[in-house]
Amino acid sequence: MISLVSFLFTGSVDQSLVEGSSGNSAIETAKEAENWAGLLGAYVSNFLIFKGLGYSMLFVPLWFFDLGYRFIFKKKLYFIPNFDWKVVCLILWISVLFGNINFSLNLVDKMSAFSGAIGYEIAVFIHEMVGWGSWLFVGLSGFSIAVFAFQWDPDNSFGFFKPKKLADLVKVKVPKSNDEEFEPEEKEESGQDEKTEFPSNEAGDSEEDEIPEKTIESNEKVIISSAGDIQIEIGATSSDKEVTDVSSLEENLTAEQLQDKFGLFDPTLELSGYKFPPLDLLQQHGSTDLEINTEEIDFNKNRIIETLQHYNITIASIKATVGPTVTLFEIVPDAGIRISKIKSLEDDIAMSLEALGIRIIAPIPGKGTIGIEVPTKNRLMVSTRSVMATEKFMKTDMDLPIVLGRTISNEVYVADLAKMPHLLMAGATGQGKSVGINVLLASLLYKKHPSQLKLVLVDPKKVEMSLYSKLERHFLAALPDAEECIITDTKKVVNTLNSLCIEMDTRYNLLKDAGCRNIKEYNQKFRERRLNPENGHRFLPFIVLIIDELADLMMTAGKEVETPIARLAQLARAIGIHLIVATQRPSVNVITGIIKANFPARLSFKVTSKIDSRTILDQSGADQLVSGGDMLLSMGSDITRIQCPFISTAEVESICDYIGNQRGYEMAYLLPEAVGDETGSSSDFDPSELDPLLEESARLIVAHQQGSTSLIQRKMKLGYNRAGRLIDQMESLGIVGPFEGSKARQVLVDEYRLEQILNDVKR
């Protein structure tokens, strides 16, 4: 830019220096150059203007500046949409215009710098083709550029910097009386660039009863100051229209114009420097190569054939597939052999193979074979690093990818939690359930940005998930008044579950207003700047709720936990809330029918009995697994045997430290505030509607010093609902304490104080 601008003043002086040969040294020649950028500037400007496109080359540095600005700041500098090709058209047209003037008026010697060699040659070519019609050609092309490229409208004073009419862009509110002063509401700004200042092209301004919305007409005088204040004078003529600043119109741009100016909304910009954990944080446990023991395979194969022959069962073929934990023998029985007969020999085959336990799949779904899974003697330890380093996991486009391990065929199994959409886990103590949860969490941490995922961790054991507290300002979600993000108290669990239900309902309302069916469509619409944050719209991250021990919660809270879990499992899929629930006791009083019905994806490690296996998987088999991460995944009618990878506590700690040491948000992701059942239902209590049996039941409770609903039911022979209402009314009067899960409520008064309370109530 410096060399080109300097050419306007020093070009004639430096021209002889650049084009001639003075015979002086380079240093002496450089001293003679008058260009502000020195000898190099003289050469560059002379070449660009005389050999290029003339003085229109002055626009090129501005174009480069715009490109650099967009590259660095990721947004456009100019108000003009598609600035790149428009400025190219303008530069070329100016050069051809002056070239046509030079050729037609024979001014090439005097005005060659105006057109440059390229513009002049193009003008000569056009003149040779159409003669004096070249003037018409240049004029029409200039008009076309002004109209189609810059959307020029001669009726407004914005010229080609105005993409649409003022009435299409600006909507203002005017008072009912012309004498009243009008001051537009100031828009709140959070200082986060495009994150907070774009309105939707579908949502208008906020409604106000006393100030009607009015579009600026052609007979209204508009004055927009640099401070953004707008004044309107009704009745002004079109010639009086005056607009002094265009920047204040940005708040009323359409979604398409906002995309042209700012690009798509990027939720990761607030933590743009966030770095995903590297694979180096994970250790390589054991060997990565699967060793095949042919002697063991042949031995097991022959034993299977011999055992079946003892019961007059012959087979046509048998083949083996070796996995990290078990070997699958696929047999094809001869014609006439009943499958149920082979299935009944499970224990006999296990005894002949001297195996810990075998599992017979009769038949294998999708195949005409019967499968016999036999544990291998030398198992391969599957490390988390070996499965996460695969292309299948690293390059997946799943919404919530979780790596589960390796199958019998030694293939990496990666599932999408968003499509499951919830996962129910079970397994006896020491079978790998907690390690499996850590693997699932590590999978999500390796693939999702903090702005895209939030975790709600429930740990009744208080120690299993304590390491993840370091992720508070990155991935964790919590209630507003929570002291710790890892939830360990049963009362807080109930509050958190109710809070997630409120969040679910809120998100559904947002989807309804946006006209979307799921979170993916909603977030895409928000990224395209088609939703207005001033109307409550926001980018919605996925929320994953993980409960490490459901049995403990069901024992202490029961229905208060079961109901919100069931609600979330039934409805939360579409709005991006997903559940991973684990338990050591997959009994029917823990995994109730209402919970089980809404968890189509179930994962079971080794359990102690066939009954537990049927409870979690609806069929036996989990009781025949081997320990150390061997598990069965049931999704619909398909059951897959997988070896869960191993991840150590040190690896989890390294991942959490790596993320926690980076810059995060100011606080954890706040869930809506919810009032739990510990406050009772006293809010619904009306003193004028006291139960006639309140006095008698209160004396009973105080006499026994036990605030129990069941006590009232037994002694007074009442139903559960009425007994519960009586307890709630006593709580409102201060006779008993708040709800404490499965424990009886604390009695707060003695008999003397009770009589005072009852007398006050009678008055």
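This is a short tour of three spots in a predicted model, with a suggestion at each stop for what to select.

**Stop one: an aromatic cluster**

Start by showing the side chains of Phe7, Phe50, Tyr55, Phe98 and Phe114, which ring pairs link into a cluster. Over the whole structure, a search finds nine aromatic pairs. A pair of aromatic rings is described by the distance of the centres and the angle of the planes.

Zoom in on tyrosine 55 and phenylalanine 114. How are the two rings of this aromatic pair arranged? They sit edge-to-face, at 4.9 Å centre to centre and with 85 degrees between the planes. Now colour the backbone around them: tyrosine 55 is in the loop between helix 3 (38-53) and helix 4 (59-73), while phenylalanine 114 belongs to helix 6 (residues 108-130), so this pair ties together parts that are 59 residues apart in sequence. If you switch on the surface, tyrosine 55 is partly exposed, at a relative accessible area of 22%, and phenylalanine 114 is partly exposed too, at 30%.

Keep phenylalanine 114 selected and add phenylalanine 98. These two rings also form an aromatic pair, this time a tilted one, with 5.2 Å centre to centre and 45 degrees between the planes. Here the link runs from helix 5 (residues 83-105), which holds phenylalanine 98, to phenylalanine 114 in helix 6, 16 residues apart. Phenylalanine 98 has a relative accessible area of 22% and is partly exposed.

**Stop two: a threonine in a loop**

Next, select threonine 325, in the loop between strand 5 (315-322) and strand 6 (326-333). Is threonine 325 buried or exposed? With a relative accessible area of 3%, threonine 325 is buried, because the cut-off for that class is under 20%. To see what surrounds this residue, show Pro375, Thr376, Arg379, Val626, Asp630 and Gln643: these are the contacts of threonine 325 once its neighbours within four places in sequence are left aside.

**Stop three: two helices side by side**

Finally, select helix 15 (residues 433-447) together with helix 22 (residues 649-660), which pack with their axes 11 Å apart and at an angle of about 30 degrees. The two helices are therefore roughly parallel to each other, and their crossing is left-handed. Which residues make the contact? From helix 15, display Asn438, Ala442, Leu445 and Tyr446, and from helix 22, Val652, Ile655 and Ile659. Colour them by class and you will find six nonpolar residues, one polar and no charged ones in this contact.

Notes. Residues numbered from 1 in each chain as written. Predicted model: local features only at pLDDT ≥ 70, side-chain atom pairs only at ≥ 80, totals over all residues. Heavy atoms only, no water. Axes fitted to C-alpha atoms, helices over the stretch in contact; angles between N-to-C directions. Helix = DSSP H or I, 4+ residues; strand = E, 2+ residues; numbered from the N terminus. Parallel < 35°, antiparallel > 145°, perpendicular 65-115°, else oblique. Left-handed = near helix turned anticlockwise from the far one by under 90°. Contact = heavy atoms within 4.5 Å. Nonpolar A, V, L, I, M, F, W, Y, C, P; charged D, E, K, R; others polar. Buried < 20%, exposed > 50% of the residue type's maximum accessible area, 1.4 Å probe, protein only. Phe/Tyr/Trp six-rings, centres within 6.5 Å; stacked < 30°, edge-to-face > 60°.
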